[in-house]
Amino acid sequence: MLQASNLSKFYGHTVALHPLNLTVQRGEIYCLLGANGAGKTTTINLFLNFIQPTDGSALVAGIDVVARPEESKAKLAYIPENLMLYPNLSGLENVDYFSALARQRYSRDELTAFLTQAGLQEEAHDKRISTYSKGMRQKVGIAIALAKKAEALLLDEPTSGLDPKASNEFSELLKKMSQRGVATLMATHDLFRAKETGTHLGIMKEGRLVEQLTTDQINHTDLEKLYLKHMN
Amino acid sequence: MIRAILRKELTENVREGRFRVVILTLLLVTVVSVLVSKRYYESVNEQHERARANARQEWVGQGQKNPHSAAHYGTYAFKPKYPLSLIDNGVDKYAGVSIFLEAHKRSDAQYMAAQDQTALSRFGDLTPDFILMFLIPLVIILLGFNAFTRERESGTLRLLKSQGVPVGRLLLGKWVALYLPIAIVTLVLFALAAILLSGIRDYGVFGVGAWLLLLMVFLVYYAVFTNLTLLVSAVSPRSSLSFVALLGLWVLSCLAMPKASSAMADSLFPYPTQLEFEEQIARDKRSGLNGHDPWNAAAKKLEEETLARHNVQTVAELPFNWDGYFMQQGEEHEAEIYFKHYQSLKETYQNQTRVYKTLAVLSPFLPTRFLSMAICRTDYHAHWDFADAAEKYRLMLVGKMNGDMVENSKTGEWDYLADEKLWAAVPDFDYQPLSQRTVLALQQGNLLTLLGWWLVSAMAVYVAVKKMSIF
Amino acid sequence: MIKSLIYEWKTIARERWLSVLFLLFFGCTLFAVRNGREHVGDRAAAIDKARHEQEVAEEATRFEIDSIARGLKRYEQSWLDPRMLSVYGQRMGRVVAMDPQPLAFVSTGQSDLFTHYTKPKLYGEAYALGFSELSNPVKLLFGSFDLAFVCIYLLPLLVVAFSYNVLSAERESGSLRLTLAQPISVFGWLLRKFMVRFVALAAVVVGSMMLAFLMMGLGLPHGTVRMVAVILSYAFFWFALSFWVNVTGKSSGSNAVKLMSAWIVVVLLLPAIIGQLATQLYPVPSRINMIHQYRVAEAEADKRASEILKTYYRDHPELARQDSSQPNRYQFWIEYFASIDLIKEAVMPVVDRYNRQLASQQAWVDQWRFASPAILLQDALTDLSGTSARHYSDFRQQVIAYADAWRSYFMPRMFRNEWMTTEALDQLPRHTYQSQHVRSSFLIDLLVMVLAAIGVLAAGWVTFRRLSTEQLLAG
């Protein structure tokens, strides 16, 4: 569903991303680990066509993101690290608005259903975003993704700054979505969450994907050791 | 500590492209405007000098004439340009420059420069006063709108507070960093003006006192705007909001308030139209004593009284030229009519001035504008003073002409001619601009208003910074 | 699509400070219209009063002439006798007035500088008239708080406040990343956001004006549609500029400073510089010098009065009287009329040079007005209001023409040594103000303004095309 082949990004002589080959199938949750500046966000930005690749290609459901950006984006949902929405609109209105941008039409009941599915308590639906906590905003992000009927999900450190309970809820939501066949690519620092939620793991260092494995191959302690080994 | 704050603020400013561009542009525009203004000043003065010489020559060289005809022929009074008008041209563009002086008629100043310009001139000219009054406050806003909001947005304000910086010093550092470049530009402008003024031919008294006073007025004006800018920046949650609010403040105080106060002044105390005014005077003249109307009742009374006083039967027997005497009496009576009407016009103007002065409380621009014009002797009051002096001169001139006729000719002797000796005996019109003390006394209210603005804004900004939220 | 427009509208509507700004704008509009109405009302009332007084005076004089003709009344002094052509021609005069146009209240223009009615007399030259009006020069200096001021100066600021951060705010709050992840054309999305704002502002502007007109009892005067069109195209220009600045992809603060600088340049500096250059390049000769020439010529003519008159009769034999048994009672005037041409000859070079320079100034300004939409709007609004410099110079010509007609009426009769009669009164020349022939620049102004806006929009599009998504997101 998500496929990078020889995808690379240079800024002059600085290499942000060495040629990267990576595939995320339907139902998989691929977690990218690595230090700040390792190239995780660059990878996600390339899939979103936010930046132009220097070489190689990124495909979403077989669609080249550079050649046909609008079609590829129709299949994608994205939740940035700090999801900011329109503070003057309510949660429900935000979902409605972004769905409209994605050319989807929903009734009020359907919108409510998405928000409820995303775990946002009913009484908050009509409150303005400016009154929401970060966890609530991330839930609205999930609702937007649900409403979009996205086939691929791109997440950039979605759980940083969330309390453990909110973080756990978020992971559960991701699992539910992957069960429906959504392919997820997530950049994260949280080894524990990655092991718990993800199906595949990749460790990045200085723009290179240095390790790829599935979560069932490794336990927590070994993952931490492996990670620290690469970092040093 | 204060030096460290100041150094940091100035370094930050200088490293920012916006600051350099704005200050350099401002300096350039300032220099250009002063040079253009100097050219204008010189050419106007040259014209005036020539016109004055011409008028005098016409008067003295008018040949042999009956003195009363000479009074009819008349001459012109020209308003001299005060040296500091180089900096602030005030209302000069909208007030006439010359007054025709003749027997029986008080004229208004004619030919305002604005009528000889295109409609574009109503946008304002690129003169030093335009820069001083409008642009520099705008530059203060442009440079200082995010003085505090920038620190709040980037989070450094939190850090500053955690270092325990006393509020007063933080404010002082930012204040000086914002004010210093502005003060320097102002000083450059004033120094340039002083150099140019001492370099070109001197047409009037260029007093250091007036120059210094004007400089002080503008420095206080900028201090007010610096205070207001920092005040708004301190209470605004975001830079953009601070910017919009400050801009609104500028538009309100520099553009909207002056225009609104004019509208109010004019609405409360309207002027008559030119023709209305003239016809009112004509009506009074008709029903009053008229020099050419000896059958008028009042004139008749005057004749009878004079005859009785000198104990003669007819005017021809009088020991002086009755015609001359009679016309002089008529002139004096008309002068009273003029005085009455111009006095009521003056009252209207003074009432309007009071409205302006009251509304000056609402905008720091207004007191500064009036002070600046007054110090440069280009305000409306200076114009009135000139017009009054010209009227006084006119009465003196006509009086002298009629007086000569009374003494040196007999009644009915209309072919009596005077010559150049008499014309030359009339002193040239020499107008002395208002003294510094008079100006200061008149402008006391505006001076106090401006200082009040300074004081209140300074206190407000101190309190605001003290209570400033770090979020 | 419609939904996204609705949400766009909702986010705008929920900004409280915007409604405060709009309310402020309405307040300004109302105040401006009130001032304009008062100004025009005073003008019309003064003209009406003058006309009425003229009618009364003419009626009284007609009655008097009639009484004298029937021997019921007599005047001992000829300089008071209204049957004397000179007395009538010098004392009565007729009002030559410039009646206000329906939209005169919109723009004060030059109307505070010049008088709107005058009474040309036999003596004195109309071309030397000052046409000045009594007013406080401080008021002239400060300018009027009229609708033109509100539109030229304040409207762009409203547009800027309303749109400077359309894109940058989204980036700064972070929602731009989410929006860009949607399958949309970003340019179209941004353009839509601007369109919504433009329509909202247009509604506020037009609504404020119409409400102010109605509240002031002005109705919808002829030309309102054209006025609204040009004002909205000016607002459109500022939106286009704001759009361009937005797509350069800088921060809100940077956008605000850029747009404000543009405002300073377009509204404050360019008009001042162009105006300054006009007076520098084409300085008008000193009016004082004109007076000097006039007086010299007049004094010369005075000295040679009889000689001039002789030459004059030679040139105008038709004016010579057949019956010369009685002295002409208008001897002074006849000499004066004879000298007019001579004086005119001496003064005309100065007057011509003066007019030429003024025309050059105007031509320069006309040509350079395209440099700033603010000048275009001023030109268009004064044009609609009938208060432009062109209108006043045309009125001056009308006064001069009427003064000539007035004099031509009296002159031959005075040479013939006639009296004023009641029949002759009906043939006195009349003046009706006409402004149709004043060249209107409105359509060109409007067209250029719209073209300029489209040009700026296109420039925005080019800038946007060169901008990568990366730069758009990074700011």
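**Exercise 1. Determine which way the residues of strand β1 of chain B point, and place this strand in its sheet.**

Solution. In strand β1 (residues 75-78) of chain B, B:T75 and B:A77 point one way while B:Y76 and B:F78 point the other way, and all are buried, where buried is defined as having 20 or more other C-beta atoms within 10 Å of a residue's own C-beta atom, placed from the backbone. The model is a predicted one, in which local features need pLDDT of at least 70 and side-chain atom pairs count only at pLDDT 80 or more, while totals for chains, interfaces and linings use all residues. Residues are numbered from 1 along each chain as its sequence is written, and chains are lettered from A in the order in which they are written.

The next step is the pairing, for which DSSP must find at least two bridges between two strands; strands themselves are DSSP runs (E) of at least two residues and helices runs (H or I) of at least four, numbered from the N terminus. Four bridges join β1(B) to the antiparallel strand β2 (residues 98-102) of chain B, and B:A77 has B:I99 in β2(B) as its bridge partner. Two bridges pair β2(B) with β3(B), again in the antiparallel sense, and the bridge partner of B:E102 is B:K105 in β3(B).

Helix α14 (residues 380-408) of chain B packs on the sheet and touches β1, β2 and β3 of chain B, its direction making about 20 degrees with that of β2(B); such angles run from 0 to 180 degrees between N-to-C directions, along axes fitted to C-alpha atoms, for helices over the stretch in contact.

The strand order of this open sheet of three strands is β1-β2-β3 (chain B). Because β1 and β3 (105-106) of chain B stand at the edges with a single partner strand each, one side of each is left without a neighbour in the sheet.

**Exercise 2. Establish which chains touch, and describe the side of chain C that touches chain B.**

Solution. Two residues are in contact if their C-beta atoms, placed from the backbone, lie within 7 Å. By this criterion, no contact joins chain A and chain B, whose closest C-alpha atoms lie 15 Å apart, and of the two pairs of chains that touch, chains B and C have the most contacts.

The contact between these two takes 66 residues from chain C and 59 residues from chain B. The largest share of the side of chain C, 15 residues, comes from α10(C). That side divides into 34 nonpolar, 25 polar and seven charged residues, with Ala, Val, Leu, Ile, Met, Phe, Trp, Tyr, Cys and Pro counted as nonpolar, Asp, Glu, Lys and Arg as charged, and the others, Gly among them, as polar.

Between chains C and A, 22 residues of chain C are in contact with 26 residues of chain A. On this side of chain C, α1 (2-13), α7 (175-180) and α18 (469-474) each supply at least two residues.

**Exercise 3. Describe the domains of chain A and how they meet.**

Solution. The assignment, from an automatic or database source, gives domain 1 (2-75 + 151-231) and domain 2 (85-150) of chain A. Their centres, taken over C-alpha atoms, are separated by 24 Å. Domain 1 of chain A gives 13 residues to the contact and domain 2 of chain A gives nine residues. On the side of domain 1, β7 (152-156) and α6 (164-179) of chain A each supply at least two residues, and the largest share, four residues, comes from α6(A).

Technical notes:
A residue is buried if 20 or more other C-beta atoms lie within 10 Å of its own, exposed if 12 or fewer, and partly exposed in between; C-beta atoms are placed from the backbone.
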